[in-house]
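Here is my note on the structure, set out as numbered points. Please read it with the model open.

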Amino acid sequence: MSGLDTSGPGASGPGTRGTAAIPGLPPAKEKFDAAGRRVLLVCVAGGFTTLIDQSVLNTSIPALRESLHAQPAHLQWIVAGYSLAFGLALIPGGRLGDVRGRKWFFVGGLALFTLVSLLSATATEPWVLVASRLLQGAGAGLVNSQMIGTIQDVFRGQLRARALGMYAVTGGLAFALGPPVGGAVLAAVGPEHGWRLSFLLNVPFGLATVVLAARHLPRPRPSTRGADLDLVGLLLVGALTLALMLPFVQPPGWAGWLGFAAAAVLLLAALARWQRRFARSGGQPLIHPALTRSAPYALGTAVAMTQFGSSLAAGLVLTMFLQDGLGLSPLGAALVALPSAVAMGFASAFAWRVVQRFGRRTVTASVAGSALVMLAGGLVALRAPAGVLPWLLALLQLLGGASAGLMGAPNQAFVLRHAPAEAAGVSGAILQMAQRIAAAVSVSALSGVYLRATAGGGGHRAAYAWASGVCAALAALAVLASVLAGRATAREEKARAEAAGEEAARAGVPARTPEAAREGTRASG
């Protein structure tokens, strides 16, 4: 594939102003109009507010544990329960937005997230914080499930690609900036009040975004109010999400693992059967048939899963190694990770120019770069002197952030171009839920690899090298999935071009050659 086609189905509306293409000349760069800029600001602000929350909190876990006298089980639910509730809310929230309109689900979810942040900041018992984190995760999942659907509804063509890119970059920056922000807060006000202030940081941003969303998001579309909701499908997806994520939130014994695995297989089979039955009865199933039949969508989602999971796990293991193995303070560890956020921001600004030149190969090369950076981190930890090791790891974070910036937004746009307009919310929700499941699995497994290696007497350096190697192997799987996704997309493009040629021949109109179609695809990216 030579480039990115973003001109798929989508309603025109605010933000879709563009210019007509002139044959023989490069396409003019489209600009967001005032209404489109306001919608994009709301989506970016909502995404940043909800996604930075967990990465900030991870730095505050030791302080929170001492302040609340929390047990390990409490801490596990405080950290992972947010992701569990987030993942559970994504697909139901996306489908509700597709059917009933997105605006008020966005506003309600963000209002819930913001108000519960106050409860989290004032908690005096661990169970109160666990409950509030579950509610926060549900609100955040409801908000984020509306964002991609809103962007798909409001923008089209080049503007849609740029808007999706800004949203993806915002999420990446939120995860990368969280540890430095958390470390700075703890250093400024101390551990006792620092973890509480970390929750309160969400409140002013959340309230401001609620007001902006109520004013500027598009009203719900009346034509969607009569659509089928598929409640049975929603319940099955919720149960399947629980079966996939709960074992990693609260790890069971071997019998428990087997039980959850069997339950997941049975629920997946039941969901597939129900979706076929619901479609035959004339209803619109929860998971659109176009998504289940699209190899590029499935493979692109696999790329996002493995890259997202390996990156989050690598970041967690790095933080543990810097503090436990090298003795750095939380702020010092955060400063080592800061170059990743800076590089990601700069690289994302140039990502679309690179994509226009190299197409989907940009994603493949960037994921390969991430794998090499993770592998190099493990080797450096084994060989480098302690005095220069933080500096070398910071340099590798710079390179890793650049790779993430080049692949994140383009891969998301490549995946979502295969989603039909009526499934915009669900397609984005499935993508995000897949990433959340990958994060839960990877963080739980890789932290276990690191802790077991240190307990085995090999030392923190060897433990970090082992964990980094596993992360690199996961990223290598993303490289393979990206290569296969590119080939599947090329086959789909060729089939569409041949079908268009046959249709044009029947109508007596000259058909575009596959080469011309690919050039048009590159221009629209």
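1. Helix α1 and helix α2 are roughly antiparallel to each other, because their angle is over 145 degrees. The model is a predicted one, and the angle computed from it is about 170°, with the axes of α1 (residues 34-68) and α2 (residues 72-100) 9 Å apart.

2. Which residues make the contact of α1 with α2? On the α1 side they are Thr50, Leu51, Asp53, Gln54, Leu57, Asn58, Ile61, Leu64 and Arg65. On the α2 side they are Leu75, Ile78, Val79, Tyr82, Ser83 and Phe86. Sorted by class, this contact holds 9 nonpolar, 4 polar and 2 charged residues.

3. Helix α1 also packs against helix α4 (residues 126-154), where the two axes come within 9 Å and cross at roughly 160°. That angle is over 145 degrees, so α1 and α4 count as roughly antiparallel too. The crossing of α1 with α4 is left-handed.

4. From α1, the contact with α4 takes in Val39, Cys43, Gly46, Gly47, Thr50, Leu51, Asp53, Gln54, Leu57, Leu64 and Leu68. From α4 come Pro126, Leu129, Arg133, Gln136, Ala140, Asn144, Met147, Thr150, Ile151 and Val154. By class, there are 12 nonpolar, 7 polar and 2 charged residues in this contact. Note that Thr50, Leu51, Asp53, Gln54, Leu57 and Leu64 of α1 appear in the contact with α4 and also in the contact with α2.

5. Helix α5 (residues 157-189) and helix α6 (residues 191-200) have axes that come within 7 Å and cross at roughly 140°. This makes α5 oblique to α6, because the angle is not over 145 degrees and so falls outside the roughly antiparallel class. The crossing is right-handed. Val185, Leu186 and Val189 of α5 meet Pro191, His193, Gly194, Trp195, Leu197 and Ser198 of α6. The contact of α5 with α6 has 6 nonpolar and 3 polar residues, with no charged ones.

6. Turning to open space, the second largest pocket holds about 630 Å³. Its lining comprises 24 residues, and those closest to the centre are Leu268, Leu271, Ile287, Thr292 and Ile430. Two or more lining residues come from each of α8 (231-249), α9 (254-280), α10 (289-293), α11 (295-325) and α15 (424-455).

7. Which element gives the most to the lining of the second largest pocket? That is α9, with 6 residues. By class, the lining of this pocket has 20 nonpolar, 3 polar and 1 charged residues.

8. As for enclosed space, the count is 3 cavities of 30 Å³ or more. The second largest cavity has a volume of about 40 Å³. Its lining is made by Thr59, Pro179, Thr319, Pro330, Ala333, Ala334 and Ala337.

9. Helix α12 (residues 330-358) provides the largest share of the lining of the second largest cavity, 4 residues. This cavity has 5 nonpolar and 2 polar residues in its lining, and no charged residues.

Note on methods
Residues numbered from 1 in each chain as written. Predicted model: local features only at pLDDT ≥ 70, side-chain atom pairs only at ≥ 80, totals over all residues. Heavy atoms only, no water. 1 Å grid on protein atoms, 1.4 Å probe; cavity = no way out; pocket = protein on both sides within 12 Å on 5 of 7 lines; lining within 4 Å. Points joined across faces, edges and corners; volume = space filled by probe spheres on them. Nonpolar A, V, L, I, M, F, W, Y, C, P; charged D, E, K, R; others polar. Axes fitted to C-alpha atoms, helices over the stretch in contact; angles between N-to-C directions. Parallel < 35°, antiparallel > 145°, perpendicular 65-115°, else oblique. Left-handed = near helix turned anticlockwise from the far one by under 90°. Contact = heavy atoms within 4.5 Å.
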